[in-house]
Amino acid sequence: MEQIWQEIRAILEQKIPEHSYRMWIDPLKLDQVNHEELMLTAPNHFFKRRVTENFGDLISSELKRISGRKLGVRINVAVADKGPELKP
């Protein structure tokens with residue numbers, strides 16, 4: 001299923017300006033693809049909102065075209081690494 005996301009990324013790289021691709025698409029990580037949806041992980045909530053607003057429809061349409069069926073796209077937010085616990 002990694003192949004589907006790689007194909008979508010390659011198409012997006014051609015369709016959107018290079019700086020936009022590097023800033024907004026490149027950092028997205030594939031979480032999983034199942035029979036219902038493509039799940040991606042974004043670094044934070046702001047990032048998720050911007051990608052959804054500006055590229056969500058394009059990602060969805062390319063996913064449908066490549067997979068041959070209508071799948072949902074879900075963007076989750078990465079869990080922040082809190083680092084080691086400090087004990088008093």
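This passage walks through the fold of a predicted model, from the overall layout to a few single residues.

Because the model is predicted, local features are reported only at pLDDT of at least 70 and side-chain atom pairs only at pLDDT 80 or more, while totals for chains, interfaces and linings use all residues. Residues are numbered from 1 along each chain as its sequence is written, and side-chain values use heavy atoms, with hydrogens and water left out.

The chain holds three helices and three strands, arranged along the sequence as α-α-β-β-α-β. Both kinds of element are DSSP runs numbered from the N terminus, with helices being H or I of at least four residues and strands being E of at least two. Of the 88 residues, 32% are buried; here buried means under 20% relative accessible area, exposed means over 50%, and partly exposed is in between (1.4 Å probe, protein chains only). Among contacts with a separation of 6 or more, 59% link residues 24 or more positions apart, a contact being heavy atoms within 4.5 Å.

The strands make an open, mixed sheet in the order β1-β2-β3. β1 (29-33) and β3 sit at the edges with a single partner strand each, so one side of each has no neighbour in the sheet. On average, neighbouring strands are turned by 25° against each other, direction ignored. Strands count as paired if DSSP finds at least two bridges between them; β1 and β2 run antiparallel and are joined by four bridges. Lysine 29 stands opposite threonine 41 in β2.

Helix α3 (residues 45-67) is not straight. A kink of about 65° is centred on phenylalanine 55, where the bend is the angle between axes fitted to the seven residues ending at a position and the seven starting there. The ends tell a similar story: α3 has 23 residues, yet its end C-alpha atoms are only 27 Å apart, short of the 33 Å for a straight helix. That expected span is 1.5 Å times one less than the number of residues. At the N-terminal end, asparagine 44 acts as a cap, with a side-chain oxygen 3.2 Å from the backbone nitrogen of phenylalanine 46. Just past the other end, glycine 68 adopts a positive phi of about 80°.

Phe55, at the kink, is also one of the buried residues of α3, alongside Phe47, Val51, Gly56, Ile59, Glu62 and Leu63. This buried set packs against α1 (2-15), α2 (18-25), β2 (37-42) and β3 (72-77). α3 lies across β2 and β3, at about 160° to β3; such angles run from 0 to 180 degrees between N-to-C directions, with axes being lines fitted to C-alpha atoms, for helices over the stretch in contact.

Proline 43 sits in the loop between β2 and α3 and is partly exposed, at a relative accessible area of 43%. Leaving out residues up to four places away in sequence, proline 43 touches Pro27, Val77 and Ala78. Its C-alpha atom is 8.2 Å from that of valine 79, 36 residues apart along the chain.

Over in helix α1 lies arginine 9, which is buried, at 14% relative accessible area. Beyond its neighbours within four places in sequence, arginine 9 contacts Tyr21, Ile25, Asp26 and Leu28. With tyrosine 21 there is also a side-chain polar contact of 3.4 Å. A polar contact is a pair of N or O atoms within 3.5 Å; within protein, one must be able to donate a hydrogen and the other to accept it, and residues adjacent in sequence count only if both atoms are side-chain atoms.
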